[in-house]
Amino acid sequence: MGVWGLRPQRVQGRALAFLLFSCAAHATCSTHRVADLPLTVWDQKILVAVSLNGSPETMALDTGAGITAISTEAAGRLNIPHDFDHHVEIGGVGGANSALFMAQLDTLEVGGLHFAHQALPIIDFPLRDSAGRPLAGLLGADVLSRYDVDLDIAGGRMALWQTSGCDTSPPPWDANADPLPVEIDEGHHILVPLRVDDAKLTAVLDTGAGGLDLTLRAGMRAGATDDALDRDPVIHGSGVNNRGWTGHMHRFHTVLFGGRTLTDVWTALVPSTDIASYNALIGSDGLVGMRVMRDMHLWISYGTRSLYIAPAGGGRGYKGSPSFGER
């Protein structure tokens, strides 16, 4: 989408002040639910139903992916036109990587929401659902960040809410939940605080990650030592486009996140350069993944930069009308 030019206009001071006052006087905080869809968890991935050019498909919901991406298999099977003149740089654990081609998608539909004319990167994405069918790609934060996201992982539901004119956006649940302060960077990554043993760290809330992954640098801050790493199991993994990485599994005594205390947590320690080399994650100490979040009910407000967490079974009912309201 191009940048529209704006012709400068002169506005007298009093007229401008009146305009601002008039807008403020009529501004209201409103929110309404625009989508509600089931989700399933398989192999530590959240799977959601989508439609690509009218074809029913399944994607993995990935809050750690800054952009929605289509798998090579789906792009070929659906005969989605490729843009061979452009590419996009993507990355993650395992370092940066180039998606050489872009898919020119006519329509993407999620829970009844319709997005037209999407240019999305094509990635090698080998994951499959429980029946062995290949997933069509990743549903990323470029779509999710347009809404407040009600993500009930344990309950198997996701709802998207449109919010406007609100300074704060608490969840519309019956259950009480306190906000967790978060930062959201330019790539729509949600940076959350956590404590690992005695270290205060910052990690990306990433439904695309399997467990708790930390940079080696962060792990050392939390108490891991060279002698301990020599005894720890060596692990190998792959990130975006199957880029491989090698690290260690290290056990920390306690992990505090979202009001929960986890004990004896086995954590993947990844070489620090493999995360830091991806510019969007510089400053992050790692990833909070599905083994930490799988029993949680999350309310993610991208617009007001807030995160609310309820335990499994909490936050099931809505306050007032389930479809719309003002607050």
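The exercises below walk through a predicted model of one protein chain, each with a worked solution.

Residues are numbered from 1 along each chain as its sequence is written. In this predicted model, local features need pLDDT of at least 70, side-chain atom pairs count only at pLDDT 80 or more, and totals for chains, interfaces and linings use all residues, while side-chain values use heavy atoms, with hydrogens and water left out.

**Exercise 1. Get to know the chain**

Task: Find how many helices and strands the chain has, and what share of its residues count as buried.

Solution. Start with the secondary structure: there are seven helices and 24 strands. Both are DSSP runs, numbered from the N terminus (helices are H or I with at least four residues, strands are E with at least two). Next, take burial: 47% of the 327 residues count as buried. Here buried means under 20% relative accessible area, exposed means over 50%, and partly exposed lies in between (1.4 Å probe, protein chains only). Finally, look at the surface: the chain exposes about 16,500 Å², of which carbon and sulfur atoms supply 53%. Such areas come from the Shrake-Rupley method with a 1.4 Å probe, and for residues only the protein chains shown count as cover.

**Exercise 2. Check the confidence**

Task: Work out which stretches have a pLDDT below 50.

Solution. Begin with the average: the chain has a mean pLDDT of 81, and 76% of the residues score at least 70. The pLDDT is the predictor's confidence in each residue, from 0 to 100. Then look along the chain: residues 274–281 fall below 50, and this stretch has 21 contacts in the model beyond near neighbours in sequence. Residues 318–327 are also below 50, with 26 contacts counted in that way. A contact means heavy atoms within 4.5 Å.

**Exercise 3. Trace the disulfide**

Task: Say which cysteines form the disulfide and what parts of the chain the pair ties together.

Solution. First, count: the structure holds one disulfide, a term for a pair of cysteine sulfur atoms within 2.5 Å. The partners are Cys29 and Cys166, with their sulfur atoms 1.9 Å apart. Now place them: Cys29 sits in the loop between α1 (13–26) and β1 (30–42), and Cys166 in the loop between β12 (157–164) and β13 (179–181), so the link ties together parts that are 137 residues apart in sequence. The angle about the S-S bond is 95 degrees, which makes the link right-handed. Last, check burial: Cys29 and Cys166 are both buried.

**Exercise 4. Follow strand β8**

Task: Find which strands pair with β8 and where Ala103 sits.

Solution. Two strands pair if DSSP finds at least two bridges between them. Take the partners in turn:

- β2 (residues 45–52) runs antiparallel to β8 (residues 102–110), joined by three bridges; Val50 has Val110 as its bridge partner.
- β5 (residues 82–83) is antiparallel to β8 as well, with two bridges; Asp83 is matched with Met102.
- β9 (residues 113–123) is joined to β8 by eight bridges, again antiparallel; Val110 stands opposite Leu113.

Now look at the turn: the hairpin of β8 and β9 has two residues between the strands, and Gly111 there takes a positive phi near 55 degrees. Then turn to Ala103, which is found in β8 and is buried at 0% relative accessibility. Its contacts, leaving aside neighbours within four places in sequence, include Ile70, Ile80, Gln118 and Ala119. The C-alpha atoms of Ala103 and Ala119 are 5.6 Å apart, although 16 residues separate them along the chain.

**Exercise 5. Explore the nonpolar cores**

Task: Identify the residues with the most contacts inside the largest nonpolar core.

Solution. A nonpolar core is a set of buried Ala, Val, Leu, Ile, Met, Phe, Trp, Tyr and Cys residues joined through side-chain atoms within 4.5 Å. The largest has 65 residues, and Leu205, Phe257, Val288 and Leu298 have the most contacts inside it. A second, separate core of eight residues includes Leu47, Ala69, Ile123 and Leu138. Return to Val288: not counting residues up to four places away in sequence, the residues that Val288 touches include Val192, Leu194, Leu205, Phe257 and Met293.

**Exercise 6. Compare two loop residues**

Task: Decide whether His188 and Asp197 are buried or partly exposed.

Solution. His188 lies in the loop between β14 (183–184) and β15 (190–196). This residue is not a glycine, yet has a positive phi of about 65 degrees. With 27% relative accessibility, His188 counts as partly exposed. Asp197 lies in the loop between β15 and β16 (199–205), and its phi is also positive, near 50 degrees. At 16% relative accessible area, Asp197 is buried.
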